[in-house]
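Student: I would like to go through this model and ask why each label applies.
Tutor: Good. Put the questions, and we will set the values against the cut-offs.

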Amino acid sequence: MHPLQLLFRASHVALLLVFCQLLVTNKAQEDTRKLIIMDLQMPQTAQANDEVVVKLTVKTELRECMVIKTYLISRHPIDGPFNYRFTACLCEDYPRTFYWDLQTNNTVTIAAVVDIVRQLKICPHNKAVMPIKANHFHMIRTLRVN
């Protein structure tokens, strides 16, 4: 009976509550939401002059929307739709997918770029956030031409 009385003493109960509060607070302060999630899909190889489709899907885990600008870059010039730049509103519940068609005779390294920008009239009611730390993201892939 004596150990049971010690268990219910105010000091032990208070210590247990403080410990539990620390565990909950530390877990709540953990921010594991990802700002930008990119999925770049394109073939690894192609024949010379074949048309290749590059597909970029962009998602976010933020609750707020943001304005993004997406484009492709390469050290070797590629004409046509490769140079198109897309601007869109990216929200947690509405991922965006972009497509580019390209033709090349040479092996090229392509970077898909997503910039978070400040631009009006893209997101509904002009409500969008700008991150403080990072606003430039990219993925790099190589297309080998046979």
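## Rings, bridges and core

Tutor: Both F98 and W100 are buried. Keep in mind that this is a predicted model.

Student: What makes W100 buried?
Tutor: Buried means under 20% relative accessible area. W100 has a relative accessible area of 0%, so W100 is buried.

Student: Is F86 buried, partly exposed or exposed?
Tutor: The relative accessible area of F86 is 26%. Buried needs under 20% and exposed needs over 50%. F86 lies in between, so F86 is partly exposed.

Student: How many aromatic pairs does the structure hold?
Tutor: There are three aromatic pairs. One of them is F86 with W100, at 5.4 Å centre to centre and 65 degrees between the planes.

Student: Why is the pair of F86 and W100 called edge-to-face?
Tutor: Ring centres must lie within 6.5 Å, and planes over 60 degrees apart count as edge-to-face. The values for F86 and W100 are 5.4 Å and 65 degrees, so the pair is edge-to-face. F86 is in strand β5 and W100 in strand β6, 14 residues apart.

Student: Why is the pair of F98 and W100 called tilted?
Tutor: The planes of F98 and W100 are 40 degrees apart. Stacked needs under 30 degrees and edge-to-face needs over 60. The angle fits neither, so this pair is tilted. Its centres are 6.5 Å apart. Ring pairs join F86, F98 and W100 into a cluster.

Student: How do you know that C65 and C91 form a disulfide?
Tutor: The cut-off for the sulfur atoms is within 2.5 Å. For C65 and C91 the S to S distance is 1.9 Å, so the pair counts as a disulfide. The link spans 26 residues, from the loop between β3 and β4 to the loop between β5 and β6.

Student: What makes the disulfide of C65 and C91 right-handed?
Tutor: The torsion about its S-S bond is about 110 degrees, so the disulfide is right-handed. As for cover, C91 has 11% relative accessibility and counts as buried.

Student: How do you know that C89 and C123 form a disulfide?
Tutor: Their sulfur atoms are 2.1 Å apart. The limit is within 2.5 Å, so C89 and C123 qualify. This pair connects strand β5, which holds C89, with the loop between β7 and β8, which holds C123, 34 residues apart. The link is right-handed, with 105 degrees about the S-S bond. C89 and C123 are both buried.

Student: How many disulfides does the whole structure have, and what is the pairing?
Tutor: The search finds two disulfides. With the bonded cysteines numbered in sequence order, the pairing is 1-3, 2-4.

Student: Which strands form the open sheet, and in what order?
Tutor: Five strands form the sheet, in the order β2-β8-β7-β4-β5, with mixed pairing.

Student: Why do β2 and β5 stand at the edges?
Tutor: Each has a single partner strand, so one side of each is left without a neighbour in the sheet.

Student: How do you know that β2 pairs with β8?
Tutor: Pairing requires at least two bridges. Two bridges join β2 to β8, so these strands pair. They run parallel. T45 stands opposite R144 in β8.

Student: What makes the sheet pairing mixed?
Tutor: Set the parallel run of β2 and β8 beside two antiparallel ones. β4 and β7 run antiparallel over eight bridges. S74 stands opposite I110 in β7. β7 and β8 also pair in the antiparallel sense, over eight bridges. A111 has I140 in β8 as its bridge partner.

Student: What makes β7 mostly covered?
Tutor: Eight of its 10 residues are buried. β7 also gives the most to the largest nonpolar core, with five residues.

Student: Which residues touch the most other members of that core?
Tutor: I36 and I68, in a core of 29 residues. The contacts of I68 include I36, V58, F86, L90, F98, V114 and I116.

Student: How much of the chain is buried?
Tutor: Buried residues make up 29% of the 146 residues. The secondary structure comes to two helices and eight strands.

Methods. Residues numbered from 1 in each chain as written. Predicted model: local features only at pLDDT ≥ 70, side-chain atom pairs only at ≥ 80, totals over all residues. Heavy atoms only, no water. Helix = DSSP H or I, 4+ residues; strand = E, 2+ residues; numbered from the N terminus. Buried < 20%, exposed > 50% of the residue type's maximum accessible area, 1.4 Å probe, protein only. Core = buried A, V, L, I, M, F, W, Y, C linked by side-chain atoms within 4.5 Å. Contact = heavy atoms within 4.5 Å. Phe/Tyr/Trp six-rings, centres within 6.5 Å; stacked < 30°, edge-to-face > 60°. Lists of a residue's contacts leave out its neighbours within four places in sequence.
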